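Let's take a short walk through this fold together. Please open your viewer and get the selection tool ready.

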Amino acid sequence: MALTDAYQRPLKDLRISVTDRCNFRCTYCMPREHFGADHAFLPRDELLTYEEIAFVVDALTACGLQKIRLTGGEPLLRRNLKALVAMLREVGPELDLAMTTNGALLKTHAAALREAGLNRVTVSLDAVDTSTFQSMSDTEQVDPEVIFSGIDEALRVGLTVKVNTVVRRGVNEHQILPLARICHERNISLRFIEYMDVGNTNAWKLDEVVDGAEIRSLLETEFGTLTPKPSEERSEVARRYTLESGYEFGFIESVSNPFCGDCSRARLSANGSIYTCLFSANGNDLKGLLRFGANKNDVLEAIRAIWEKRNDRYSMERADRMDDENKVEMSFIGG
Ligand code: SAM
Ligand code: SF4
Ligand code: SF4
């Protein structure tokens, strides 16, 4: 039986953070001044094991779970991730299995992940220009060519690929058209994400948000009319627009056009807590239960109790809640 929350939203989508570590320090997500050499990342024994993660997913598959997204931190930093993908594929042969990655290590891992049963990959890429890319992700080791070689390899092995771009005013607006050109040329779906006030470390300001409408106007100057396309399913986060040729751009407008009403996503943090919203202050510990010998029904009932109480709608209440303190960091619970 499906799990539904206080607003009758089902739990259909589970985002699993497999690590809180990352090889980038994107300024809007893990600014180096807060995630420096002395930052205390989770110790290994605090992380859920792959068996524990698969156990939770197995408990939820009977109750309407349809999609899993592996994320982080950077999921490809977790050793032998393909083993987790294989376990998840075994417990849910019909599950839609996706991963969000910064793409730096994708070329090395794409084939094995596909082989293990991954369906889709979303690659985050905020610029095609090396200096903008490196300053936004605060890395000197990687350039956009590396990311594109990962994307090409993912396509070659048969993964469905999307690119996600966060746009921050004054930082990478000038990359909107170059990114659109390159993705359009390669026929890779591109989605623009409005910069969000997740966590407490990125010093978010509303005037740094470039909203979807502004991005669409800019795209139309080069690509012609964008026509809105109805969503395939209610819980889809991206609003889709097509060009006359059929090519599609997506817009994740969590600030200007929030979609909490249909939000069916739960998040499982790397240390085993369930979060019912990206902007939650606290999670609900499952690891204790798992390590005290709970069976699948115990886990399911614990998640049901959490989900039935869920009344989160942060993005729709943002104006009144912008000063909330102690919001969890996105790198910790997974984007
Ligand atoms: N490291 C992986 C990556 O970057 O794809 C996965 C985790 S990352 C937290 C997931 C997504 O969250 C990325 O697409 C990233 O751009 C997005 N993100 C992080 N901070 C954000 C913010 N403040 N506003 C909007 N999107 C953000
Ligand atoms: Fe790392 Fe992804 Fe956050 Fe960038 S957005 S710092 S790549 S977790
Ligand atoms: Fe879902 Fe929370 Fe985002 Fe609203 S703000 S869409 S409830 S995660």
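The tour goes from the sheet to the helices that lie on it.

This is a predicted model, in which local features need pLDDT of at least 70, side-chain atom pairs count only at pLDDT 80 or more, and totals for chains, interfaces and linings use all residues. Residues are numbered from 1 along each chain as its sequence is written, chains are lettered from A and ligands numbered from 1 in the order in which they are written, and side-chain values use heavy atoms, with hydrogens and water left out.

**Stop 1: the sheet.** Show the strands (DSSP runs of E, at least two residues, numbered from the N terminus). You'll find an open, mixed sheet of 12 strands, ordered β7-β8-β9-β6-β5-β4-β3-β2-β1-β10-β11-β12; strands pair if DSSP finds at least two bridges between them. At its edges sit β7 (227-229) and β12 (284-285), each paired on one side only.

**Stop 2: β1 and β2.** Select 13-17 and 67-71: these parallel strands share 5 bridges. R15 has R69 as its bridge partner in β2.

**Stop 3: α5 on the sheet.** Next, select α5, residues 144-156 (helices are DSSP runs of H or I, at least four residues). Helix α5 touches β4 (120-124) and β5 (160-167), where contact means heavy atoms within 4.5 Å.

**Stop 4: α3 beside α5.** Add α3, residues 106-116: the two axes come within 8 Å and cross at roughly 15° (axes are lines fitted to C-alpha atoms, for helices over the stretch in contact, with angles from 0 to 180 degrees between N-to-C directions). That makes α3 roughly parallel to α5, the term for angles under 35 degrees. Show side chains to see L106, K107, A110 and A111 of α3 meet S149, G150, I151, E153 and A154 of α5.

Note on methods. Angles under 35 degrees count as roughly parallel, over 145 as roughly antiparallel, 65 to 115 as roughly perpendicular and the rest as oblique.
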